[in-house]
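Here are my notes on the model you sent, set out as numbered points. Please read them with the structure open beside you.

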Amino acid sequence: MNLFTYCMLNFFEYQTGIPTNWCIKEGKMKKGILFLLVMFMFLVSCKDDENETSTISSYLKENNITSYKTTDSGLIYTIDESGDGLSPEIGDTLQVEYTGYFTNDEVFDTSVGSDPFEFVLGIGQVIPGWDEGIALFNDGGSGMLFIPAKLAYGTDDMIFEISVKSVVRGIVGYTIEDYINSNDWENYSTTESGIHYRITDVVSDSDKPVDGNTVTVDYTGYYLNNEVFDTSINKTSLTFELGSSSIIKGFSESVYLLREGETGDFLIPSELAYGETGIAGVFAPNQIIMFNITLISFQ
């Protein structure tokens, strides 16, 4: 037996308490070592998983919390009120009242006494434990989330008392037709590519830009719940070469439809916006967006 094998066997025995001398007799050494190493890796893995939830497990036991559920990811939760409102889906805008604390009961953050925290579910605006956990509660629901460090910030287990105050559709799972019907659009047109638009300020005696023109526009971008995600108003107008790849296709195509001085609303399908991937923390996958655009000038 070489020194490495000897050290590994002794380290295994020290870590597990399982005697190893039996495997070094009568030709059993190779099979024994293989078995021990496999068992060792398994036990170390189990020990790591146990450590990840040990503070939460201790907290539950110390506080006599027994009516809880555990997800496949290791998130533990309790539901006090399931809520009778909408069940949140990826891309919905939620408002949540919360208090967060560590497993020693030290409060590190709370929204109580101020406005509920607002975020878009499932696109990375919050820690993974929130994206997964809040989705388990309907509008009006409340309960607790016990979030292991790996689903939080990687260092500490966290506990949240949460109450879902609002679930608003209008980002994912909400179609262009739904938006038009809900917002009473009239006299709108549709392009072959699927952009639905209406010109709200008409200028009949000016020209439309073409490829290669340098255009200057003001714009405001909206999610389909009419929440603004970006705007140039009271900032700097956007100037770019029409047809360039630096602008999403749906925005460029919308500008083609405007005469100089006109303003319009443009509902842009996801394939002409940020597509199947979206942008983490800003746009969900397959998200429809809307722009209000004014063509200031072009040359």
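1. Is Arg198 buried, partly exposed or exposed? Arg198 is partly exposed, since its relative accessible area is 23%, and a residue has to fall under 20% to be called buried. Please keep in mind here and below that the model is predicted.

2. The partner of Arg198 is Asp265, with which it forms a salt bridge whose closest N and O atoms are 3.0 Å apart. Asp265, in contrast to its partner, counts as buried at 8% relative accessibility. The structure holds one salt bridge. Because Arg198 lies in strand 9 (residues 196-201) and Asp265 in strand 13, the pair ties together parts that are 67 residues apart in sequence.

3. The two strands that carry this salt bridge are also paired with each other, for strand 9 and strand 13 run antiparallel and are joined by five bridges. Within this pairing, Ile199 has Gly264 of strand 13 as its bridge partner. Strand 9 pairs with strand 8 (residues 189-190) as well, again in the antiparallel sense, over two bridges, and there Thr190 has His196 of strand 9 as its bridge partner. Strand 8 and strand 9 form a hairpin with five residues between them, and Gly194, in the turn, has a positive phi of about 110°.

4. As for the protein as a whole, the secondary structure comes to five helices and 14 strands. Of the 299 residues, 41% are buried, and the protein exposes about 16400 Å², of which carbon and sulfur atoms supply 49%. Among contacts with a separation of 6 or more, 64% are between residues 24 or more positions apart.

5. Helix 5 (residues 249-256) deserves a separate look, with Gly250, Phe251, Ser252, Ser254 and Val255 buried in it. The elements that cover these buried residues include strand 10 (214-222), strand 12 (238-241), strand 13 (263-268) and strand 14 (289-298). What does Ser252 touch, if residues up to four places away in sequence are not counted? On that count Ser252 touches Phe240, Leu242, Gly243, Ser244 and Ile247, and Ser252 itself is buried, with a relative accessible area of 5%.

6. The largest nonpolar core has 23 residues, of which Phe240, Phe251, Val255, Phe266, Phe291 and Ile293 touch the most other members. At least two residues of this core come from each of strand 10, helix 5, strand 13 and strand 14, and strand 14 provides the largest share, four residues. Val255 can serve as an example: leaving aside its neighbours within four places in sequence, Val255 is in contact with Pro209, Val215, Val217, Phe240, Leu242, Ile293 and Leu295.

7. Apart from the largest core lies another core, of 21 residues, among them Leu121, Val126, Trp130 and Leu145. One of these, Leu145, is also in contact with Ile134, a residue placed in helix 3 (residues 128-134). Ile134 counts as buried, at 0% relative accessibility. Beyond its neighbours within four places in sequence, Ile134 is in contact with Pro88, Leu94, Val96, Phe119, Ile162 and Val164 as well as Leu145. The C-alpha atoms of Ile134 and Ser163 are 9.0 Å apart in space, although these two residues are 29 residues apart in sequence.

8. Which residues do ring pairs link into a cluster? The cluster is made of Tyr219, Tyr223, Phe229, Phe240, Phe251, Tyr274, Phe283 and Phe291, and of these Phe240, Phe251 and Phe291 have already appeared among the residues that touch the most other members of the largest core.

9. In total the structure holds 22 aromatic pairs. The rings of Tyr179 and Trp185 have their centres 6.2 Å apart and their planes at 85°, so this pair is edge-to-face. Tyr179 is buried, with a relative accessible area of 4%, and Trp185 is buried too, with a relative accessible area of 6%.

Notes: Residues are numbered from 1 along each chain as its sequence is written. This is a predicted model: local features need pLDDT of at least 70, side-chain atom pairs count only at pLDDT 80 or more; totals for chains, interfaces and linings use all residues. Side-chain values use heavy atoms; hydrogens and water are left out. Buried means under 20% relative accessible area, exposed over 50%, partly exposed in between (1.4 Å probe, protein chains only). Contact means heavy atoms within 4.5 Å. Accessible areas come from the Shrake-Rupley method with a 1.4 Å probe; for residues, only the protein chains shown count as cover. Rings of Phe, Tyr and Trp (its six-membered ring) pair if their centres lie within 6.5 Å; planes under 30 degrees apart count as stacked, over 60 as edge-to-face and the rest as tilted. A nonpolar core is a set of buried Ala, Val, Leu, Ile, Met, Phe, Trp, Tyr and Cys residues joined through side-chain atoms within 4.5 Å. A salt bridge is a side-chain nitrogen of Lys or Arg within 4 Å of a carboxyl oxygen of Asp or Glu. Two strands pair if DSSP finds at least two bridges between them.
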